[in-house]
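Good morning, everyone, and thank you for making room for this in the meeting. I would like to take you through one structure, beginning with its sheets and then turning to individual residues.

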Amino acid sequence: MGKLQSKFRKRSELYKASQGEKADNTYYDSQILQYEPAHHGSINTVTHLSPDLCVSGGSDQVVVVYDWKQGQVCQSFQGHNSEVTKVLCYPGSTWIFSASRDKTVLMWDLNQGDEPIQEFSGHELVVNGIAISPDGRKLCTGSRDNWMCLWDIESAKCEHRHNISRNLVTHVCWVPASFSVVQSSEDKTIRVWDSRTWQVTNTFPAKQYIQTHCDVSPNGHYLVSSSNGFGGQGCEATLWDLRQPGCKVMEYRGHLQTTACCIFLPAFPGGSGQIATSSHDSSVKIWDQNTAVCLGTLSLDGAGPLVSLAPNDSTSLLCASFNAGLQHIQVDHGSLQAQGSGAGSGGAGSLDMRVVARF
């Protein structure tokens, strides 16, 4: 019943919207494929399970595995009794972890039916951060209850707990190939933890606004965090050097409301590093990591807050929205390459970004 094969329905037709569905947003046009919706309600989080499959969660309390290339639901997991805040997959496996406002984290396996195979309970408030150790043996969770917890995945036992006053955790990342965990917080700081001692090894200088999200570069050298804000105040993303704790390298400014998500993008052949951000102002921006030049902006008017991004490769990006489901964004580097091969003036290039499908 829970097997992937039993969930595929071989069909090529696009999902037909119901007669009552609104289609008055400016970015909805005939060139955007409209697939079967993944969720009913707002979507809080999206990530990739494989090159063809994504996993998402939202206000409908469901964790959905979706074939975003075929445009169809592969599997739905129901086990939370409140909205899903974060989803995470362990690379190279069929493991899925989901955090929720119901104070728990559930573990699922795409090949082991519809029921959770493990439950991690112990937080007193919503769980906003989950991260898996590089060896797949430990799970880190962070909550608005000020607790950071480290769990053994096989036994679901909490091995370490640490409470820091006012550390309302917003997101958690495990630094690749290391024992370090980083987390963002509503107290405006970034903390680095040693998973062996479960102690804070570094606390970065506090920003002006709440830190909403964080991500670590694949080489483990850099951290990017995003800020709450309004009217263009705050709303930035900040690049930090993890090799020099507290060293602020760059800021990326341009969003008008809270920057809800920030991620490092996969490297584009021959290109410089890039960072993507999404905001409550309904826009996605891509930045040159080294110069902070905004290379491209995509406005999804009417989509509401854009709160999660998941890159598939350097040309494809999934975006979770409150009002308009999941958006498949295509990134064309052609114009940027053309400018880069010009007179060499060093001027800002531009990326072409467009929505090609929504579901």
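In which sense do strand β25 and strand β26 pair, and over how many bridges? This is a predicted model, and I ask you to keep that in mind throughout. In it, β25, covering residues 274-279, and β26, covering residues 283-288, are paired in the antiparallel sense, with 5 bridges between them. If you want a point of reference in that pairing, take Ala-276, which has Ile-286 of β26 opposite.

These two strands belong to an open sheet of 4 strands, ordered β24-β25-β26-β27, in which the pairing is antiparallel. The edges are formed by β24, residues 259-264, and β27, residues 294-299, and because each has a single partner strand, one side of each is left without a neighbour in the sheet. From one strand to the next, the twist averages 15 degrees.

Let me turn to another sheet, which is also open, and which has 5 strands in the order β1-β31-β30-β29-β28, with mixed pairing. Here the edge positions go to β1, residues 33-34, and β28, residues 306-313; each has a single partner strand, so one side of each is without a neighbour in the sheet. As a general reminder, strands of a sheet pair through backbone hydrogen bonds, and they do so either parallel or antiparallel.

Where does the mixed character show itself along this order? It can be followed at β31, residues 352-358, which runs parallel to β1 and is joined to β1 by 2 bridges. The bridge partners can be named: Leu-33 is matched with Ala-357 in β31, and Gln-34 with Arg-358 in β31. Strand β30, residues 326-332, by contrast runs antiparallel to β31, with 6 bridges joining the two, and among the partners there are Val-331 and, in β31, Met-353. As for its surroundings, β31 has 5 of its 7 residues buried, so this strand is largely enclosed by the rest of the structure.

I would now like to look at two residues in strands, starting with Val-46, which lies in β2, residues 43-48. Is Val-46 buried or exposed? Its relative accessible area is 5%, which means that Val-46 counts as buried. Leaving aside neighbours within four places in sequence, Val-46 is in contact with a set of residues that includes Cys-54, Val-55 and Val-87, and also Ser-308, Leu-309 and Ala-310. The C-alpha atom of Val-46 is separated by 6.8 Å from that of Gly-57, a residue 11 places away along the chain.

The second of these residues is Thr-85, in strand β6, residues 84-89, and Thr-85 is also buried, at a relative accessible area of 8%. A polar atom of the Thr-85 side chain lies 2.6 Å from the backbone oxygen of Val-127. Val-127 also appears among the residues that Thr-85 touches beyond four places in sequence, a list that further includes Asn-44, Thr-45, Ala-99 and Arg-101.

Next, the backbone at two loop positions. Most residues other than glycine have a negative phi. Lys-103, however, has a positive phi of about 80 degrees although it is not a glycine, and Lys-103 is placed in the loop between β7 and β8. Arg-166 likewise has a positive phi, of about 70 degrees, without being a glycine, and the loop that holds Arg-166 runs between β13 and β14. With regard to accessibility, Lys-103 is partly exposed at 37%, whereas Arg-166 is exposed at 61%.

Finally, the aromatic rings, of which the structure holds 10 pairs. One of them is formed by Trp-95 and Phe-97, whose ring centres are 6.4 Å apart and whose planes stand at 80 degrees, so the pair is edge-to-face. Of these two residues, Trp-95 is partly exposed at 25% relative accessibility, while Phe-97 is buried, with a relative accessible area of 0%. Trp-95 and Phe-97 are also members of a cluster linked by ring pairs, together with Tyr-90, Phe-120 and Trp-151. A charged side chain provides my last example: Arg-161 lies over the face of Trp-147, at 4.0 Å from the ring centre.

Thank you, and I am happy to go back to any of these places in the model.

Methods
Residues numbered from 1 in each chain as written. Heavy atoms only, no water. Pairing = 2+ DSSP bridges. Axes fitted to C-alpha atoms, helices over the stretch in contact; angles between N-to-C directions. Buried < 20%, exposed > 50% of the residue type's maximum accessible area, 1.4 Å probe, protein only. Contact = heavy atoms within 4.5 Å. Polar contact = N/O pair within 3.5 Å; in protein donor to acceptor, adjacent residues only side chain to side chain. Phe/Tyr/Trp six-rings, centres within 6.5 Å; stacked < 30°, edge-to-face > 60°. Lys NZ or Arg CZ within 6 Å of the ring centre and 35° of its normal.
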